[in-house]
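Visitor: I'd like a close look at one part of this model. Could you walk me through it slowly?

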Amino acid sequence: MNSPRTVVTGIVLVGGMRRRFGSNKALFPINGKPMARVVIDMMRVAGIADIYAVGDSPETAEYMGLSHIADSYPGEGPLGALISAMEVISTKFVCVLPCDVPRIHSSRIVQLTDQLVNSDEIDVAVLATSREHWLCSSWRISTCLPVLAKSFGDGERAIHEATSSLQIRRVKVGEGEMANINTLSEARKFKYMLSEEAGD
């Protein structure tokens, strides 16, 4: 396990309307664990001890052994969920991941958090392939929350637009590691791929 990151709180986004997946994908089993638990475990390996589930229900969070932060803006997208978490978190930094990136590695989480912990000039670090993956990111709450909240209040819902005035560090990552699971068929295919890899 990496050294503890006591100045970083982790949040895992478990909300969404479930229209594409058809059920609670946070609880879909991957290698015998709920998919969200795979992501949570990677956060813990990266040294983040304090982790919350944001969105969905307190019951989902309790099932995964996490405290729950309610989304104050349900149905308004992940920017509202991120702001909701920042408003109650007391650490300097927050690292956010969605529940549906089970290939994420702890080393990437360490990279994300280190960008901010080791530099006072960076507001937000985001994983990037050919594009930014804004739901895989770390944020300096003191500088980011006022900007995001104002932008949200002005009607903006796209995270990449709300961050335009912030100092951003992009952490390059491979496409395969960032594959997210949006449908039940994708989840079943992912489980099949894992079983094939295990048999190599």
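How many helices and strands are there in the protein, and in which order do the strands of the open sheet come?

Guide: Sure. It's a predicted model, so local features need pLDDT of at least 70 and side-chain atom pairs count only at 80 or more, while totals for chains, interfaces and linings use all residues. Numbering starts from 1 along each chain as its sequence is written, and side-chain values use heavy atoms, with hydrogens and water left out.

The protein has seven helices and nine strands; these are DSSP runs numbered from the N terminus (helices: H or I, at least four residues; strands: E, at least two). Seven strands make up the open sheet, ordered 5-4-1-6-8-7-9 with mixed pairing, where a pair needs at least two DSSP bridges. Strand 5 (67–69) and strand 9 (168–172) are the edges, each pairing on one side only. On average, neighbouring strands are turned by 30° against each other, direction ignored.

Zoom in on strand 1 (residues 8–13): it runs parallel to strand 4 (residues 51–54) over four bridges. Within that pairing, Ile 11 has Tyr 52 of strand 4 as its bridge partner.

Now the helices. Helix 3 (residues 78–86) lies across strands 1, 4, 5, 6 (93–98) and 8 (132–140), at about 145° to strand 1. Helix 5 (residues 141–153) lies across strands 6, 7 (124–128) and 8, at about 120° to strand 8. Those angles run from 0 to 180 degrees between N-to-C directions, with axes fitted to C-alpha atoms, for helices over the stretch in contact; contact means heavy atoms within 4.5 Å.
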